[in-house]
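Dear colleague,

I am passing on the structure we spoke about, and I would be glad if you could look through it with the notes below at hand.

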Amino acid sequence: MAITIYSKPYKSGCFQCDKTKDLLDAAGISYTFVDITSNDAALEYISEDLGYAQAPVVLVEIGGSIDHWSGLNPPKIQKAIGLELAA
């Protein structure tokens, strides 16, 4: 399983971004962080290709399928944590 978080940097004023990372960090789940404030291609991908206007955008890839969402979504985060811990 691979998790990617498209987000603003930590403690940059985005509560939802920070809380999403905090929940994954507290569970010991590793993820790839992509800074959307300094990566124009990443910002274009999440806004144009995925259609999101709210950070963070989280992608969870499991066995070739991808689930994604934007904003703080505790149920989806807990599901990802459970899947990662079960692996």
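Which residue does a disulfide join to Cys 14? The partner is Cys 17, with the two sulfur atoms 2.2 Å apart, although please keep in mind throughout that this is a predicted model. The count of disulfides comes to one, and the link between Cys 14 and Cys 17 is right-handed, with 65° about the S-S bond. Both of these cysteines are buried, and Cys 17 also touches Ser 7, Lys 8, Ala 55 and Pro 56, leaving aside residues up to four places away in sequence.

The two cysteines belong to the largest nonpolar core, which has 11 residues and includes Tyr 6, Val 34, Ile 36, Ala 42, Ile 46, Tyr 52 and Leu 59. Two or more residues of this core come from each of the elements α2 (40-49) and β3 (57-62). Apart from it lies another core, this one of 10 residues, among them Val 58, Trp 69, Ile 77 and Ile 81. As a general background to such groupings, nonpolar side chains in soluble globular proteins tend to be buried together.

Two charged residues deserve a careful look, and I take Asp 35 of strand β2 (residues 32-35) before the other. Asp 35 is buried yet has no salt bridge, and the nearest side chain of opposite charge, that of Lys 21, is 7.9 Å away. What the side chain of Asp 35 does have is a polar contact of 2.5 Å with the side chain of Thr 37. Not counting residues up to four places away in sequence, Asp 35 touches Ser 7, Lys 8 and Pro 9.

Lys 21, which is found in helix α1 (residues 15-26), is likewise buried without a salt bridge, the nearest side chain of opposite charge being Asp 18 at 4.3 Å. Because a salt bridge requires a side-chain nitrogen of Lys or Arg within 4 Å of a carboxyl oxygen of Asp or Glu, the 4.3 Å between Lys 21 and Asp 18 does not qualify. The side chain of Lys 21 does make a polar contact of 3.3 Å with the side chain of Ser 7, and the residues that Lys 21 touches, again leaving aside those up to four places away in sequence, are Ile 5, Ser 7, Lys 8, Pro 9, Tyr 10, Tyr 31 and Phe 33.

Where, then, is a salt bridge to be found? A search of the whole structure finds one, and it is formed by Lys 76 with Asp 67, whose closest N and O atoms are 3.1 Å apart. Lys 76 counts as partly exposed because its relative accessibility is 29%, and Asp 67 counts as partly exposed at 29% as well.

Some local details remain, beginning with the two ends of α2. At the start of this helix, a side-chain oxygen of Asn 39 reaches to within 3.2 Å of the backbone nitrogen of Ala 41, while Gly 51, which follows α2, has a positive phi near 85°. Asn 73, in the loop between β4 (65-70) and α3 (74-86), is partly exposed, its relative accessible area being 21%. The C-alpha atoms of Asn 73 and Leu 59 are separated by 12 Å, the two residues being 14 places apart along the chain.

With kind regards

Conventions:
Residues numbered from 1 in each chain as written. Predicted model: local features only at pLDDT ≥ 70, side-chain atom pairs only at ≥ 80, totals over all residues. Heavy atoms only, no water. Core = buried A, V, L, I, M, F, W, Y, C linked by side-chain atoms within 4.5 Å. Buried < 20%, exposed > 50% of the residue type's maximum accessible area, 1.4 Å probe, protein only. Helix = DSSP H or I, 4+ residues; strand = E, 2+ residues; numbered from the N terminus. Contact = heavy atoms within 4.5 Å. Lys, Arg positive; Asp, Glu negative; His and termini not counted. Polar contact = N/O pair within 3.5 Å; in protein donor to acceptor, adjacent residues only side chain to side chain. Disulfide = S-S within 2.5 Å.
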